[in-house]
Structure formats: structure tokens, C-alpha cells
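Please open the model in the viewer and keep the selection tool at hand. The tour proceeds from one selection to the next and describes what is found at each stop.

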Amino acid sequence: MGTDNRYDIAIIGSGLGGLTTAALLAKEGKKVVVVEKNRVPGGCLQSFKRFGKEFDTGLHYIGSMNSGQFVYQLFKYLNLLNRTTFAPLNSDAFDTIHIDGKEYRYASGLNNFADTLIEYFPEETRAIRRYISDIETIADSLNIFKLRELPDDYKFENRWAGISVYEYIESLTDNDTLKKVLAGTNPLYAGTREYSSFYTHAIINYSNITGAHRHSDGGNRLVEALIASIKEGGGSVICSQQITGFEFTDDNRIESAITADGNTVVANEYISSIHPQLLVDIIGKGPLRKPYINRVKSLKNTISVFNIYAKLKKDRVKYHNTNHFCYTSDSVWVASDYDKTEWPGYFYLTTPLSEDTDNFADKVEVMTYMKYSEIEPFITNGVVTDTEGYQTFKEQKAARLINAIEERFPEIKDAIEEYNVSTPHTFCRYTGTVEGSAYGLIKDYNDPLKSFFHSRTRIPNLLLAGQSINSHGIIGTTITSVVTCAELIGTNQLIKKIRNA
Ligand SMILES: Cc1cc2nc3c(=O)[nH]c(=O)nc-3n(C[C@H](O)[C@H](O)[C@H](O)COP(=O)(O)OP(=O)(O)OC[C@H]3O[C@@H](n4cnc5c(N)ncnc54)[C@H](O)[C@@H]3O)c2cc1C
């Protein structure tokens, strides 16, 4: 930091978006720095230790991880695969959807996926085959995702982003159970009937159906691998420095970024990989036009989450090589139909891999929705002021969630040795995202132009990356990183390098 140390590119935020962007640019010989407000890098990728076990914040499984697929090739290109490892989930059931007391398996591979669902719903063969064909068409329409170079006259048109996933599934079949099964993984995008697009659903489900893997050793290994890749290219990552302002030149370029401690970061280009609503606050009444600021501010955020991270008693619970999406409510659109009285209504449960995992799981992570407004009574200006009330609230909610787990998995409840919880407040603190939003801004099918962002901004040397720009998750965030870097180093040569890694 400091004016004597000028970077080619300064990247704000060390989540997956910031770190992959930095690693890609460092590999191109750019002098990069990543500036992170937290003591620990990684944002949603970071894992943390409790009761001697490592738990994950926001990395449970990854799609498109078979050789030749987008995420695999990107990770290979960035030299991550020799620093951290991934294992395929159960190919007969990488996901298991629990509805009305029955289990429905999502099998790996488009044909297997279809055949398995057809076994449950033989009279729905046409609808299931059409579904597969439609998600394949959407995936195939994305050149970068498919690692294809763009033609000279390429113009990005995302007509799929304007289609509602809820309406699409409603139009596909009259079978209510099949509708629920197809929409059963909607918590992966905090799905709502009102806003969620079929595009978001299709890319996530296609990615997982064709290449779902679980990392073998905790999100921090991926963070460490990304940082090693950045350092290999001569870049650096600086933590505990929150960007709080910018200085501008007369022609509206950013001259320097200022940190809360009064340090300056000077670079030719800046990439913000933080939540866009935080960014416009930091820029303030600078060179951004009012309609842009109003647009960003008016966008809604995805709902937040309440999680349980539990250590299990030794050799009590078999390792589950699948992800469970369990519904106790009538509707699977739980983020739309959020009802405090019926909470949780749904939970996601996973037994992560770890060094100790053999046949048995040594920990379990359980996630369900929670609105920020539920914890607001205990918080003032971002700090817990009613400690006792907050503690009681957490204990009561954890007890309710554990009861819901017991109904489905009694052996897991009995095997919990110790547990910890996170609330929307935890996510605000650790990822800085607005109201603890799980996946950043909602991508609204009603107005895709308003909620999808271009990487370039009106500030000539400020670009955007991160989960709120185009799509979230490992797949959405990494595609956005490639798109953003392509603005600086050229799309086709970057795609070719990743494809040929
Ligand atoms: C509970 C949960 C489970 C998930 N599970 C999965 C999963 O299994 N698979 C999957 O594909 N995706 C999953 N995701 C989504 C995925 O983790 C995210 O989409 C992705 O990691 C987001 O990366 P990001 O870089 O955009 O944002 P973040 O990870 O939020 O990073 C932003 C970073 O910017 C920093 N920052 C903020 N303000 C400033 C500032 N002013 N100055 C400096 N730094 C700042 C923050 O501290 C943070 O480190 C999950 C998310 C959650 C919440």
C-alpha cells in the first residue's frame, strides 16, 4: 500500500470472486493486490474451527467439476487441483429430495437423471425429457460456460433470464409431486416464485447434474490454493484493511482507494468484488449517476440463513455421500412462503468429508432460511446489544431445527455431541453482505436488465465482480470473474487458455 507502491489492478474483497479474478490476472503477469476487510480471507469460502473440527461457511458442493467442464478447467488452469482435492458425490444420488416422507434421488449425468426420475414418474416421461433438453439448451447457449470462443459479431443476449422458474415448472407438468421434485433444490438459489429465473435454476442444476463434487478438505484449502496461485504470479493479499472511500481524478477515474486505517491503495484499475450496495455507499456522491445509484439501492437481496454446525459422536452416523433437501412444509418455495410460525419448513443437511471420515461422518452442517428481521430486535448499529435475548433466540431456534432433523434423521439428532449456530447477523459480520443475504442480490426474471450488471461501470477504471453481478455460487461467481478479467485481457485468448489447461 502507499503511493510509492502502484499496482496494475487492486481488487476489493477476498471472496471467491476477488480471489479468482486476482489469480487470473496475476497469471497474465499483472501486478495485483487483493484488499480484504476481515482478518481472514475467503468471504463465504472460509472454513472455521469449532470443537476441533473444521466447518464450512458457504462451500458444500460444486458443479461442473468433471474434466473438461468449466470449473474443473478453471481450477486446473489456476493450479488449484494440485493444492486441494475434490471427490464426486454419489452418482446414483448426488442430491436427495425429501417430500411428503418420500425420498427422490437426483442421479448424475443427464440421461441417468432423467431415467431415475422416470422410474418415480413413468407417466411423466415427456415432461422429464423436455426439462433435460431445456436446461441443456440454456447451458449450451453460454459460450464462456462451455469454454467456446466468442464469434466476432457476438452480442450477449440472455433471453432465458426473463423466464420464471416457477412458471416454467408449472407449465411442464400437472403432477404436483414432480413439480416439487424438480424445484426441490431451489434453496441453492434462494428460489422464490416472485423473482427467480429459469436461467439461474438451469445453470445450477445442469452444473450439478453433470459434475457434482464435494471438496475433500475444507473451504480454507481452496482459499489457500487461490492465494498461492496469486502469489505465484507475483500478487499479494492484504487482510484487515477495509476500503471506505476513493479519491477521483478530474476525469472521474479512481486515483486511489482509502482504507479505514487511512492507508491508500493506488492502482491503474480497480475491481470491486463486494456487494454492489456496499460499493455505492463507499463511492458516495461521486461520479456515479443518480439513476444508477437508485437502481442498485432499489434491488432486493436474497434471504439469509440460520445454520447448525455439529460435531458428531464417533462412529455413530454413516457418512452420507449426498446432499439432503428436506421439506416439512407443503410448498417447496419456502423463501416465498416464509412463515415464522411454521419455521423451519425446510432444511438442507450435509455430512462433509474430512480427514477422519471413513465410513462414518464426524460432523454435520444444517442450513435453513431466516429473515434478517427476526434478529433485528437484538441488534443496534450492527452490534448485538441484547446479548441475553439473542442467546435465548438462538437456543430456541436451534432446538426447533434439531427437532425437525430428528423427524427425518433420528440417528443424527442422537449423535450430536456439540453444536454451534450462525444467524443472519453472523453472515453480516463475516461476509459483509447486506442483511446477511445468502447469495447477494436477487436476479429478477421480471426485469433482468435491472438486476444483471455489466462488468464495466461508468467510472472508467472500476469494474465489478462477485456473486451479485451475474450469478452466484461457485459456478456463477467464477464465470463472472472470467467475464470481468476478459474485459482487461481479451475474452477469446483467456477462454482458450482455460479450455486447454
Ligand atoms: C450458507 C451458504 C452456503 C453456500 N453453499 C454453496 C455451495 O455449496 N456451492 C456453491 O456453489 N455455492 C454456495 N454458496 C454460495 C457461494 O459461497 C458464494 O456465491 C460465493 O462464495 C460468493 O463469493 P463472493 O466473492 O461474491 O462474495 P463473498 O464471499 O461475500 O466475499 C466478499 C468479500 O468482500 C469483503 N468485503 C466486504 N466489504 C469490504 C470492504 N469495504 N473492503 C474490503 N473487503 C470487503 C468481505 O469481507 C468478503 O470477504 C453458499 C453461500 C452461503 C451463504
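This is a predicted model. Begin with the shell of residues around the ligand, which divides into 16 nonpolar, 19 polar and two charged residues. Altogether, 37 residues surround the ligand. To find the closest of them, select Gly13, Gly15, Gly43, Gly58 and His60. Next, highlight helices α1 (residues 16-27) and α15 (473-489); each of these supplies at least two residues of the shell.

Now colour the chain by domain. Domain 1 comprises 6-79 + 217-300 + 448-499, and domain 2 comprises 87-210 + 305-436. Where does the ligand lie with respect to domain 1 and domain 2? Both domains give residues to the shell around the ligand, so the ligand lies between them.

Remain with the two domains and turn to their contact. The C-alpha centres of domain 1 and domain 2 lie 25 Å apart. The contact takes 37 residues from domain 1 and 33 residues from domain 2. On the domain 1 side, select β4 (53-56), α2 (70-77), α9 (276-283), α15 and α16 (491-499), each of which supplies at least two residues. The largest share of this side, six residues, comes from α16. By class, the side of domain 1 that touches domain 2 has 15 nonpolar, 15 polar and seven charged residues.

Return to α1 and add helix α8 (residues 219-232) to the selection. The two helices pack at an angle of about 30°, with their axes 8 Å apart. Such an angle makes α1 roughly parallel to α8, and their crossing is left-handed. To display the contact, show Leu19, Thr20, Ala22, Ala23 and Ala26 of α1 together with Val223, Leu226, Ile227, Ser229 and Ile230 of α8. The residues of this contact divide into eight nonpolar, two polar and no charged.

The last stop is a second helix pair. Select α9 once more, together with helix α10 (residues 290-298). The axes of α9 and α10 come within 9 Å and cross at roughly 140°. That angle makes α9 oblique to α10. The crossing of α9 and α10 is left-handed. Which residues of α9 and α10 meet? Pro276, Gln277 and Val280 in α9 meet Ile293, Val296 and Lys297 in α10. By class, this contact has four nonpolar residues, one polar and one charged.

Methods. Residues are numbered from 1 along each chain as its sequence is written. This is a predicted model: local features need pLDDT of at least 70, side-chain atom pairs count only at pLDDT 80 or more; totals for chains, interfaces and linings use all residues. Axes are lines fitted to C-alpha atoms, for helices over the stretch in contact, and angles run from 0 to 180 degrees between N-to-C directions. Helices (H or I, at least four residues) and strands (E, at least two) are DSSP runs, numbered from the N terminus. Angles under 35 degrees count as roughly parallel, over 145 as roughly antiparallel, 65 to 115 as roughly perpendicular and the rest as oblique. A crossing is left-handed if the near helix is turned anticlockwise from the far one by less than a right angle, and right-handed if clockwise. Two residues are in contact if their C-beta atoms, placed from the backbone, lie within 7 Å. Ala, Val, Leu, Ile, Met, Phe, Trp, Tyr, Cys and Pro count as nonpolar, Asp, Glu, Lys and Arg as charged, and the others, Gly among them, as polar. A residue is near a molecule or strand if its C-beta atom, placed from the backbone, lies within 6 Å of it. Domain bounds come from an automatic or database domain assignment.
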